[in-house]
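Student: I am new to this structure and would be grateful for a close look at a single part of it. Please begin with one place where two helices meet, and then relate it to the rest of the chain.

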Amino acid sequence: MDDLLNEFLVETNEAIDVVDVELVILEQDPNNNSVLDNIFRLVHTIKGTCGFLGLPRLESVAHSAENVLGKFRDGEILVTPDAVTLILAALDRIKEILAGLEETQEEPQGDDTEIKDRLNAMAAGDAAPAPAPVAPVVVEATEATDVVSSLGNIPGDVSLEELEAAFAAAPGPGDMLANEDSSESLFERLGGLDTVKVLSHLFHNRILSDARTKELLEGADLRGSKNLMTKFFQESFEAEHCILDKVKATFDSFISKNCSTSQFNITSEHLKSVLEEIDISLTLIDEVVGIYEIAGETITENSIETAKTSDVKKEVSEKVAAESNLANQSIRVNVGVLEELMTMVSELVLTRNQLMQIARNSGDNDYTVPLQRLSQCTTELQEGVMKTRMQPIGNAWSKLPRIVRDLTMDLGKKIDLQMLGKETELDRQVLELIKDPLTHMVRNSADHGVETPDKRLAAGKKETGVIRLNAFHEGGHIIIEITDDGAGLPVQKLKEKALKLELATAEELDDMSDNQIQRFIFHAGFSTAEKVTSVSGRGVGMDVVRSNIEKIGGTVDLKSIEGKGTSFAIKIPLTLAIVSALVVECNKQRFAIPQISVLELVRACPDSDHVIEYVNGTPVLRLRDRLLPLTSLRTILGFEEEKDKKEDFIIVAQVGNFTFGIIVDQVFDTEEIVVKPVAPILKDMDIYSGNTILGDGSVIMILDANGLAQAISAKSDSSAGADFGADTEEDGETSTMGEEKEAILSFKAGGKSLKAVPLSLVSRLEEIDVKDIEYSDGKPLVQYRGQLMPMMTLNDTYQIKEEGRQQVLVFANAGKTMGLIVEEIIDILEDNIEVELVSNTKGVIGSAVINGKSSEIIDVAYFLEQVFGSWSASVNIDKKEDHRSNILLVDDSTFFLHMVRPLLSAAGYKVTAVSSAAEALKFRDKGIIFDVIISDIEMPDMDGFSFAKEIKSKGEWTEIPLIALSSSTRPEDYDLGRAVGFNDYLEKRDRDSLIKTLDEQIRLKSEAA
């Protein structure tokens, strides 16, 4: 192909991609002159170059499109959705011609008369389409005058006399005075603090969404800015005049960004539109805007002073920028050259690894220093070549605005596409491979996720749905989130479809969580669409998306709440060529596991804190109060298990939100490996993703963490399988025991009813030989880990076995252990403990439904008290059915939190539990209110006294009752607790007083209200 033609095709395709995106922006903001000028310039360049190269068909279509854009720019015709659609159709025709030109090096034959006639008619104004109903656009005051003055020149517009008549007939401010209560302040008439908070929030969003004003808030602490503005408006509205001494602090970001008078006028218009949106009357709008405009005088005056001091710096920086732009040069390099260069660097890395292995084996010699230098140069060269392949992920997103825009027109929906982190870079090869999966997922969100405007309004949502893309680096890989605020995945429909396709039985579906059921969308042929459309409904898509992402060593995770929305998280490696991997051994063979999937390494042996346990024959590892499902690499690969092993090495891996352990024989070092494709004969084996050559020249297989995860999921029960190790944190929010499901141990201990206890309270599950049980003072005990461990039965209905092995739940706290003798361990489940019936039986808190079955919740505190005298007897309290008070419990002891929460739940309280003061304060920052806060005193980082001072000093928690719990009961501690704001100070062991004090504080609070 001719070099000149090749360069024309490259540049023209790039220009069209830009025009595609900017036309969508122009449609949303028709008054954005800079975007319109750029579109016009690019189309004009395409037309001019076509004429130079002798491409008449391309030139004529581009010329007709340019005529319409020129009319847009001159203000002779309005930018409407129909007009934009016609320009986009012209661009699509240009793309078709370019595709033919690239294939044959000649302009293809074709008739463009119809598209050119439509463009020319629109440019002439003969067939200018009437503006279609779109979301309201705020027009600035300076532009509104021009629009009104030109109304008479546009066909179909009303006359000035008609406008005046309509204005005279409209209700004026005087007509509304009768409805306003002049005895109330402006703040009260507006609706109080809630209205002002909404006003500040929407006002910030409106400023940020406008290209002309968003710089005023760029880099600012938005949460702090909203709080300051809320306080300023509240005080000004209460006083009914502008509080001038608060203006500088409130609008510091405006002043520091040199807010101009025109920019301030635009923000004033935004404020008016927000007030109209929340249904504030015209009279009150005038008062609010009047106060804001008085503040504007101070803002713009200070901005002028700031601008004067920065003029010199600005001139210097502009000169430097101009010089650097002249110096900046770039060249186009063929992708094939980069691929060849990357291949050579990969071979160089292999050779480096081999030489370094030889140097390590031979000890110090004359080659050691040169080899180290060679290794350093190889690493630097590798990093440099990698940079040449890196591209911003925005390149893969460039077509999405156009796609979403077309879908909104086809589906009759309103969708706001937000793209964050477009500058995040990743390997070009990876970028190409994820383009199609990303496009499909966004189309799915638009079609299945976001509802139509009428349905959204009926559900209490804004009529415009939001699809948000976010990309960021995390631990050597890229995370891409696709989130929508639509209808979410319908669990019942998915159940029905799964039954129809025989993917699971009704009983299995009943035992599954909502998240497990929603994951059926990743099965081939699975679709809930009622009919096949051009967008979706054929049952192909998400299974292909997942398989394509997993082919490049990535994972895709799903979270969806019906009625609220859906979020997909894609985790992919930065590059596919050279990766860091952990080398392990199994059955005297070495394997590599990419470090992108490895979280940590654990050594398990009988004399360590980590011991492999078994639940229903499934190996598990207790790791930081969670049971981790395990699989042996020997079992997966079909090797025999090694007998009499003294220790096990466990690789803790994560795929999506599934965390699991892989048992291996030996762990070696990490090494940078060059990934080679897997042999065709092994391509159907999911556990391998490729192979590589190590430094010693040996070839080893690379294990695929996704395949290993599927293997363990297939061999595990749904209760202890893929979702057992799932992360409980949602979208980065603070995880709380009051709202999230927790692991629960189900067992039998005499009688017909099932028993249950929070798994986090259980230190170990032991089987003790009955012969080892001894007695002291008539009570059973056993020598356990170098000390005597007392044991108890749950009640008299169950007797200790006479021979064999006895199952025991071991509870440990503060260096003391006790054992609860049980009949049989049933299962480990995930659910919320909500005590519905309070029990009068000692040692039992009450009954709750756990995984669909009635279970008695064991009072661990009672048994600890019987053995060690820690807590007083249980208190039976009638459950409050009419209102469940919301309690925040703060304690750094996880054991204490899990022990106390069921007790408070049984007493009728809704409990949110966190392990630090910092986590608790996050709730305050989000505006979440509790009825009572219970806090431990002895906590790391921020103790209870400091926590109380912080609560009482500022924010929305200043009036919430505080109760202190502490093991220290010195008089001076009581006095200090009262001084910093605690309403009561209790000994940590005194459960009776805690319940009574809670009731008393809530009663006093309700009386005060």
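**A helix pair and its surroundings**

Tutor: In this predicted model, helix H31 and helix H32 cross in a right-handed sense. Helix H31 covers residues 944-953 and helix H32 covers residues 971-980. Their axes lie 9 Å apart, and the helices pack at an angle of about 20°. Because angles under 35 degrees count as roughly parallel, H31 is described as roughly parallel to H32.

Which residues make the contact between H31 and H32? On the side of H31 they are Phe-945, Ala-948, Lys-949 and Lys-952. On the side of H32 they are Asp-973, Leu-976, Gly-977 and Val-980. Sorted by class, the contact of H31 with H32 comprises four nonpolar residues, one polar residue and three charged residues.

The wider chain gives this helix pair its setting. The protein chain contains 33 helices and 35 strands. Of its 1009 residues, 46% are buried. Among contacts with a separation of 6 or more, 68% are between residues 24 or more positions apart.

Aromatic rings offer another view of the chain. The count of aromatic pairs comes to 11. One of them joins Phe-522 and Phe-568 in an edge-to-face arrangement, with 6.4 Å from centre to centre and 85° between the planes. This pair links distant parts of the chain, as its two members are 46 residues apart. Phe-522 lies in the loop between helix H24 (514-518) and helix H25 (542-551), whereas Phe-568 belongs to strand E7, which spans residues 565-573. Both Phe-522 and Phe-568 are buried.

Elsewhere, aromatic residues gather in a cluster. Its members are Phe-203, Phe-232, Phe-233, Phe-237, Phe-251, Phe-254, Phe-264 and Tyr-292.

A last residue to locate is Ser-262, which sits in helix H14, a helix of residues 261-277. Is Ser-262 buried, partly exposed or exposed? Its relative accessible area is 44%, so Ser-262 is partly exposed. The reasoning rests on the cut-offs: buried means under 20%, exposed means over 50%, and partly exposed lies in between. Ser-262 and Thr-300 are separated by 38 residues in sequence, while their C-alpha atoms are 9.8 Å apart in space.

Note on methods. Residues numbered from 1 in each chain as written. Predicted model: local features only at pLDDT ≥ 70, side-chain atom pairs only at ≥ 80, totals over all residues. Heavy atoms only, no water. Axes fitted to C-alpha atoms, helices over the stretch in contact; angles between N-to-C directions. Helix = DSSP H or I, 4+ residues; strand = E, 2+ residues; numbered from the N terminus. Parallel < 35°, antiparallel > 145°, perpendicular 65-115°, else oblique. Left-handed = near helix turned anticlockwise from the far one by under 90°. Contact = heavy atoms within 4.5 Å. Nonpolar A, V, L, I, M, F, W, Y, C, P; charged D, E, K, R; others polar. Phe/Tyr/Trp six-rings, centres within 6.5 Å; stacked < 30°, edge-to-face > 60°. Buried < 20%, exposed > 50% of the residue type's maximum accessible area, 1.4 Å probe, protein only.
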